[in-house]
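Colleague: I have a structure to go through with you. Could you put it up, please?

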Amino acid sequence: TQQAKIGINLLSNVSMSYRYSIANKFFDYVQAGVPSVCANFEEYQTLNKQYEVGVLCDDTVDTIEAAIKHLLTDVLYYQNLVDNCKQAANQWHWETQEKLLLSIYNKVVHG
């Protein structure tokens, strides 16, 4: 991942489980500062609105090809995504997510 120029994170919309999951490799790419081409699913849309770290596309050859070409040819856009990955990496890691999870847990258990 550290040596990759682009990450690929595509799934077919075959089930609700796929549709609402987030692959670990999505976060691996972010932590490595590697923009990715991702499935255009709701969870990735939500994360990409926080920090645009990749290109979301449908699982057709044409849209995947267009997304990859966009990343490889638009140098400014690509660098912006790299910078966004670095910012997101500071937030999307266990140490910050642990606090959120414990906060939710404490509210549920302790009221």
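Modeller: Cys85 is buried, with a relative accessible area of 0%. Please note that this is a predicted model.

Colleague: How far is the sulfur of Cys85 from the closest cysteine sulfur?

Modeller: The closest one belongs to Cys38, 9.3 Å from the sulfur of Cys85, and that is too far for a bond. A disulfide would need the two sulfur atoms within 2.5 Å.

Colleague: And Cys57, buried or exposed?

Modeller: Cys57 is buried, at a relative accessible area of 6%.

Colleague: How many disulfides are there in total, then?

Modeller: The count is 0 disulfides. Cys57 is in none, as its nearest cysteine sulfur, that of Cys38, is 8.2 Å away.

Colleague: Changing topic: what is the order of the elements from the N terminus on?

Modeller: They run β-α-α-β-α-β-α-α-α, and the secondary structure comes to 6 helices and 3 strands.

Colleague: What does the C-alpha trace span along its principal axes?

Modeller: About 50 × 30 × 20 Å. Of the 111 residues, 30% count as buried.

Colleague: What share of the contacts with a separation of 6 or more comes from residues 24 or more positions apart?

Modeller: Such residues account for 56% of those contacts.

Colleague: What about the surface, and how many charged side chains are there of each sign?

Modeller: The protein exposes about 7100 Å², with 54% of it supplied by carbon and sulfur atoms. There are 8 positive and 12 negative side chains, and the centres of the two sets lie 4 Å apart.

Note on methods:
Residues numbered from 1 in each chain as written. Predicted model: local features only at pLDDT ≥ 70, side-chain atom pairs only at ≥ 80, totals over all residues. Heavy atoms only, no water. Buried < 20%, exposed > 50% of the residue type's maximum accessible area, 1.4 Å probe, protein only. Helix = DSSP H or I, 4+ residues; strand = E, 2+ residues; numbered from the N terminus. Contact = heavy atoms within 4.5 Å. Areas by Shrake-Rupley, 256 points an atom, 1.4 Å probe, with all protein chains shown as cover. Lys, Arg positive; Asp, Glu negative; His and termini not counted. Charge placed at Lys NZ, Arg CZ, Asp CG, Glu CD.
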